[in-house]
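Let's take a walk through this one together. Keep the model open beside you and turn it as you read.

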Amino acid sequence: FLDDEVAIILVIESNSTVDFSISPNPASEMIQIQLSNFSSETQVILYNIQGQVVLSEIKNSENGNFAINVSDLALGMYFVQLQSEDKTVSKKLIKN
């Protein structure tokens, strides 16, 4: 390394697996989200391909399942981000 260069190494370790599924995907009206290892209160944020927030909701689910209406969204690709406590995960959604 040169004198003005800095090397940064980031290691993230986690003992819990955080995951969710979206169905159907592609979707036209409603999507079902099924969570694993999330608390009952989860923030759902949908971003369009330009990174703009197009939907943001707080969902409370004891069984880890809930529905989101996507019928008003324009056709295209979106990113669904779920945040709960210190966990954040994202997946791609296609609206058709």
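Start with a charge over a ring: Lys91 sits over the face of Phe20, 5.3 Å from the ring centre. For that label, NZ of Lys or CZ of Arg has to be within 6 Å of the ring centre and within 35 degrees of the ring normal. If you go looking for aromatic pairs, the whole structure has zero of them; a pair would need ring centres of Phe, Tyr or Trp (its six-membered ring) within 6.5 Å, with planes under 30 degrees apart called stacked, over 60 edge-to-face and the rest tilted.

A word on what you are looking at. This is a predicted model, in which local features need pLDDT of at least 70 and side-chain atom pairs count only at pLDDT 80 or more, while totals for chains, interfaces and linings use all residues. Residues are numbered from 1 along each chain as its sequence is written, and side-chain values use heavy atoms, with hydrogens and water left out.

The mean pLDDT (the predictor's confidence in each residue, from 0 to 100) is 83 for the chain, with 78% of its residues at 70 or more. Over residues 10–16 the pLDDT drops below 50, and this stretch has one contact in the model beyond near neighbours in sequence. Contact here means heavy atoms within 4.5 Å.

Now the overall layout. The chain has seven strands and zero helices, so reading from the N terminus you get β-β-β-β-β-β-β, the elements being DSSP runs numbered from that end (helices are H or I, at least four residues; strands are E, at least two). Of the contacts between residues at least 6 apart in sequence, 53% join residues at least 24 apart. Buried residues make up 29% of the 96 in the chain, where buried means under 20% relative accessible area, exposed means over 50% and partly exposed is in between (1.4 Å probe, protein chains only). The accessible surface is about 6,600 Å², and 48% of it belongs to carbon and sulfur atoms; the areas come from the Shrake-Rupley method with a 1.4 Å probe, and for residues only the protein chains shown count as cover.

Next, the loop between strand 1 (19–23) and strand 2 (30–36), where Pro24 lies. The peptide bond from Ser23 to Pro24 is cis, with omega near -10°. Pro26 is in that loop too, and the bond leading into it from Asn25 is also cis, with omega near 15°.

What does the side chain of Lys59 make a polar contact with? Lys59 belongs to strand 4 (residues 53–60) and is buried, because its relative accessible area is 19%. Its side chain pairs with that of Glu57 at 3.1 Å, and one of its side-chain polar atoms lies 3.3 Å from the backbone oxygen of Ala67. A polar contact is a pair of N or O atoms within 3.5 Å; within protein, one must be able to donate a hydrogen and the other to accept it, and residues adjacent in sequence count only if both atoms are side-chain atoms.

Move over to Gln81, in strand 6. Gln81 counts as buried because its relative accessibility is 14%. Its side chain makes polar contacts with the side chains of Tyr47, at 3.3 Å, and Gln83, at 2.9 Å. Setting aside residues up to four places away in sequence, Gln81 touches Gln43, Val44, Ile45, Tyr47, Thr88, Val89 and Ser90.

Some loop residues also reach across the sequence. Ser71, in the loop between strand 5 (65–69) and strand 6 (76–84), is partly exposed at 34%. Its C-alpha is 4.1 Å from that of Glu29, 42 residues away along the chain. Beyond neighbours within four places, Ser71 is in contact with Ser28, Glu29 and Lys95, and its side chain has a 2.7 Å polar contact with that of Asn69. Ile49, in the loop between strand 3 (41–48) and strand 4, is partly exposed as well, at 49%. Outside its neighbours within four places, Ile49 is in contact with Met77 and Phe79; the C-alpha atoms of Ile49 and Met77 are 6.2 Å apart.

Finish with Asn65 in strand 5, partly exposed at 33% relative accessibility. Not counting residues up to four places away, Asn65 touches Ile33, Gln34 and Leu35. And back to Phe20: C-alpha to C-alpha, Asn65 and Phe20 are 9.5 Å apart in space and 45 residues apart in sequence.
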